[in-house]
Amino acid sequence: MRVLYSLGVPLLAVFTALVLGAVIMAATGGDILKAYQGLWEGSLGRPQSISETLIWTTPYIFGGLAVAFAFKAGLFNIGVEGQISLGALASVYVGYAVKDVPFPLHAILAIVVGAAAGALWGAIPGFLKAKTGAHEVIVTIMLNYVAIQMTSFLVSGFMKDPNPLIANAQTPKILQSARLPPLLPDPQYRLHWGFVIAVLAAIFIWWLLNKSTLGFEIRTVGANPQAARYAGIAVGKTIVVAMAISGGLAGLAGALEVVGLNFYHTAGFSVGYGFDSIAVALLGRGDPIGVLPSAVLFGGLAAGASRMQFLSQIPIDIIKLIQAMVLIFVAAPALIRWIYRVRVPREAEAVAGDVQFSAGWGKAET
Amino acid sequence: MTVAAPPIGLVRERGRETLRLWLQILFWVAIAFALLVLTGLQFGPAATISILAVTITKATPITLGALAGICSERTGVVNIGIEGLMLTAAFVGFMIGVYTKNLVFALVAAMASGALLALLHAALSITFRVDQIISGTVVNILAVGLTGYLNRQLFATGAPPGLSVLPRIDIPVLGSLPWIGPILFQQKPIAMTAIVLVIVLHFALFRTKWGLRTRAVGEHPLAADTVGVNVNKLRYMNIVLGGAIAGLGGAYFTLESVPHFEPLMTNGRGFIALAAMIFGKWTPFGAWGAALLFGVAEAIPTAMQLQGINIPFQIVGLLPYILTIVVVAGAVGRATPPAAVGIPYVRA
């Protein structure tokens with residue numbers, strides 16, 4: 001029964017958001033039928049669309065995992081946006097600047113360096129939180145702006161493609177040896193190995209959290225830092241490690257977009273992944289496996305959006321609005337209960353394992 | 001539900017903290033002053049005056065955002081959604097301005113939209129007891145979606161021309177004072193209102209019944225409830241009031257700074273405002289001081305570019321963000337937020 005309840009709220013949340021999205025579209029003069037027809041065709045209606053949906057799903061899985069993982073440690077990582085961007089930046093640099101490395105090694109190197117860049121960027125707010133008590137929410141948001149400006153600076157200067165025919169601020173393409181092959185032989189499907197790696201990462205993170213010592217420590221710190229300290233867990237260190245892993249997952253998202261899909265990096269490439277990832281994690285109830293279906297949903301919405309705009313002339317941004325409404329209903333299940341007069345037991349209401357982020361503005365751990 | 005009791009030495013502790021706060025402010029003011037004297041020597045006093053005037057201008061949305069944060073957090077509710085409130089108000093102000101061609105209507109609409117969205121934050125965090133940080137994040141995401149969608153749906157072919165921004169006001173006598181006149185009294189209306197609001201909120205918070213109740217609810221809601229204060233009602237009121245103030249801050253972007261709207265144009269000012277609030281220890285004057293610091297960080301690069309000193313804008317633009325991190329890392333450990341911040345109040 002509880003499984004049913006915990007599925008029921010997200011499904012009703014998505015349904016309600018889609019209905020409200022239709023109301024907003026109609027109110028602002030859009031053709032709802034064409035819009036949702038486009039959304040369907042662009043996301044699941046054709047084999048090629050499914051491939052596109054899963055392409056979009058890949059960074060959402062990593063982003064959702066990054067946020068969900070930090071949730072377990074009682075941390076709110078809003079910095080996924082910047083971590084993705086720096087992960088992609090580092091990965092693309094390795095991809096085009098490091099030469100004479102054979103195929104699988106070069107790609108692996110690019111991925112690992114991208115993940116490391118994300119991990120480093122994530123570890124900074126973790127370190128500041130542990131040492132000074134600076135709330136990770138403010139620091140990660142500020143680091144987003146820093147990362148995005150740095151990316152824009154580098155791709156229009158030091159890392160800009162030297163080819164004079166390319167006026168855009170973008171990096172050179174990475175070498176063939178650093179590119180992941182497509183997953184399917186038919187070239188009309190762009191789906192790449194990053195998707196498989198993302199699913200494996202979700203399983204690994206589930207294992208790490210639930211079956212390993214580190215996972216136990218992280219969950220203990222998240223549930224009750226005082227108790228964790230009495231139990232002899234180094235709380236500050238755990239916070240830094242958790243943020244580094246979280247940032248590393250986000251970095252992987254950026255790296256795999258580079259080596260699997262785009263092969264280059266440009267300013268303003270990941271606008272919005274960061275905030276969407278929060279919604280993905282919450283919709284997945286902060287659980288690594290739960291992130292998978294919610295990432296597919298967000299991937300589908302994103303993939304369908306352009307077809308939707310093409311058919312109905314309704315701006316893509318409506319998707320953001322629908323996503324925000326999904327998030328509202330998932331975060332406040334009481335609203336869903338109230339609208340549908342269904343009874344949801346309180347324990348099935350817990351969002352993100354009932355971690356509380358906002359008691360005070362934090363204290364130093366050491 | 002556990003409510004932490006305030007420690008006995010709280011009052012004396014607060015006194016010492018106030019002293020430390022003023023010392024800190026003095027320190028930053030001294031640094032800013034030294035910088036200004038240097039620029040004055042380098043480029044003449046006109047440059048210094050212009051930097052200071054730009055500082056006040058640039059500090060406006062941060063000041064208003066911080067005041068909004070104070071309203072909300074002093075009653076014990078974190079409001080991370082100020083960025084979203086300001087973005088929405090910036091758009092609504094612009095939209096109503098375009099349709100009515102009346103800047104007063106636009107201003108009122110901007111403040112109302114800030115208040116309305118803040119009401120959502122209040123409902124989610126107080127009535128539905130959603131974690132306050134998550135609720136604020138919801139507000140931010142919603143604002144991005146709402147403004148992005150409406151902007152493209154309504155103004156896809158570009159905004160109609162003809163909308164102007166609020167005019168500069170030159171206050172008769174005060175405006176002609178040397179130095180202070182051009183810096184303080186030749187500003188635009190929202191910038192001047194922000195300064196007035198700092199004084200008003202300080203007085204209201206520390207000298208009125210509303211202020212006493214607000215602070216009591218933020219520190220010890222159970223005690224306030226016991227003496228008959230309606231905790232959640234006051235929280236609702238203060239969040240909505242803060243929303244209106246944040247709305248004024250949003251109006252700055254489209255009704256006072258530039259006469260058009262761009263997606264994401266608030267650019268983190270709402271988050272920086274929170275840092276200013278923390279740095280200013282949840283006091284209006286402290287927050288204003290911190291906002292001015294951020295204002296200088298924006299004004300000096302602008303002035304340098306005007307003087308023909310060429311620095312890549314991406315590097316200069318980083319200054320406020322890095323400053324925010326430094327401030328938060330340096331101040332949070334020592335700043336004491338209202339004791340009940342972040343904790344929903346449930347009557348036992």
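Which helices of chain B do the buried residues of α8(B) pack against? In this predicted model, they pack against α2 (45-73), α7 (189-207), α9 (221-226) and α10 of chain B. The close-ups below begin with that helix and then move through the rest of the model.

**View 1. The buried residues of α8(B) and what surrounds them.** Helix α8 of chain B covers residues 209-219. Within α8(B), T214(B), A216(B), V217(B), G218(B) and E219(B) are buried. Their packing partners are α2, α7, α9 and α10 of chain B. Two of these buried residues, A216(B) and V217(B), turn up again in View 5, in a core of six residues.

**View 2. Helix α8(B) crossing helix α10(B).** The axes of α8(B) and α10(B), the latter spanning residues 231-257, are 10 Å apart and make an angle of about 110°. Angles of 65 to 115 degrees count as roughly perpendicular, so α8(B) and α10(B) are roughly perpendicular to each other. Their crossing is left-handed. On the α8(B) side, look for R213(B), T214(B) and V217(B); they meet V231(B), L234(B), R235(B) and N238(B) in α10(B). Sorted by class, the residues of this contact come out as three nonpolar, two polar and two charged.

**View 3. Helix α2(B) alongside helix α10(B).** Here α10(B) packs with α2(B) at an angle of about 175°, and the two axes are 8 Å apart. Anything over 145 degrees counts as roughly antiparallel, and α2(B) and α10(B) are therefore roughly antiparallel to each other. From α2(B), the residues to find are T60(B), P61(B), L64(B), G65(B), L67(B), A68(B), G69(B), C71(B) and S72(B). They meet a set in α10(B) that includes N238(B), I239(B), L241(B), G242(B), G243(B) and I245(B), along with A246(B), L248(B), G249(B), Y252(B) and F253(B). By class, this contact has twelve nonpolar and eight polar residues, and no charged ones. N238(B) also appears in View 2, where it belongs to the α10(B) side of the contact with α8(B).

**View 4. Chain B as the setting for these helices.** Chain B has 14 helices and zero strands. Of its 348 residues, 50% are buried. Among contacts in chain B with a separation of 6 or more, 78% are between residues 24 or more positions apart.

**View 5. Two nonpolar cores.** The largest nonpolar core has 226 residues, and those with the most contacts inside it are L65(A), V326(A), L67(B) and A276(B). Helix α10 of chain A, residues 235-262, gives the most to this core, with 15 residues. Apart from it lies another core, of six residues, among them A216(B), V217(B), L234(B) and Y345(B). Zoom in on L65(A) and, leaving out residues up to four places away in sequence, you'll find that it touches A201(A), A202(A), I205(A), L249(A), P288(A) and V291(A).

**View 6. Where chain A meets chain B.** The contact takes 42 residues from chain A and 43 residues from chain B. On the chain B side, the elements that give two or more residues are α5 (132-154), α11 (269-279), α13 (313-316) and α14 (319-331). The largest share of that side, 15 residues, comes from α5(B). Sorted by class, the chain B side has 29 nonpolar, twelve polar and two charged residues.

**View 7. G194(A) in helix α7 of chain A.** G194(A) is found in α7 of chain A, which runs over residues 194-211. Is G194(A) buried or exposed? It is buried, because 28 other C-beta atoms lie within 10 Å, and 20 or more is the cut-off. Not counting residues up to four places away in sequence, G194(A) touches T58(A), L180(A), L256(A) and G260(A). As for K99(A), 95 residues apart from G194(A) along the chain, the two C-alpha atoms are separated by 22 Å.

**View 8. Two residues with positive phi.** Most residues other than glycine have a negative phi. F263(A) is not a glycine, yet has a positive phi of about 65°. F263(A) is in the loop between α10 and α11 (273-283) of chain A, and is buried, with 20 other C-beta atoms within 10 Å. In chain B, K281(B) has a positive phi near 55° and is likewise a residue other than glycine. K281(B) is in the loop between α11 and α12 (284-306) of chain B, and counts as buried, with 22 C-beta neighbours inside 10 Å.

Key. Residues are numbered from 1 along each chain as its sequence is written. Chains are lettered from A and ligands numbered from 1 in the order in which they are written. This is a predicted model: local features need pLDDT of at least 70, side-chain atom pairs count only at pLDDT 80 or more; totals for chains, interfaces and linings use all residues. A nonpolar core is a set of buried Ala, Val, Leu, Ile, Met, Phe, Trp, Tyr and Cys residues joined through C-beta atoms within 7 Å. A residue is buried if 20 or more other C-beta atoms lie within 10 Å of its own, exposed if 12 or fewer, and partly exposed in between; C-beta atoms are placed from the backbone. Helices (H or I, at least four residues) and strands (E, at least two) are DSSP runs, numbered from the N terminus. Two residues are in contact if their C-beta atoms, placed from the backbone, lie within 7 Å. Ala, Val, Leu, Ile, Met, Phe, Trp, Tyr, Cys and Pro count as nonpolar, Asp, Glu, Lys and Arg as charged, and the others, Gly among them, as polar. Axes are lines fitted to C-alpha atoms, for helices over the stretch in contact, and angles run from 0 to 180 degrees between N-to-C directions. Angles under 35 degrees count as roughly parallel, over 145 as roughly antiparallel, 65 to 115 as roughly perpendicular and the rest as oblique. A crossing is left-handed if the near helix is turned anticlockwise from the far one by less than a right angle, and right-handed if clockwise.
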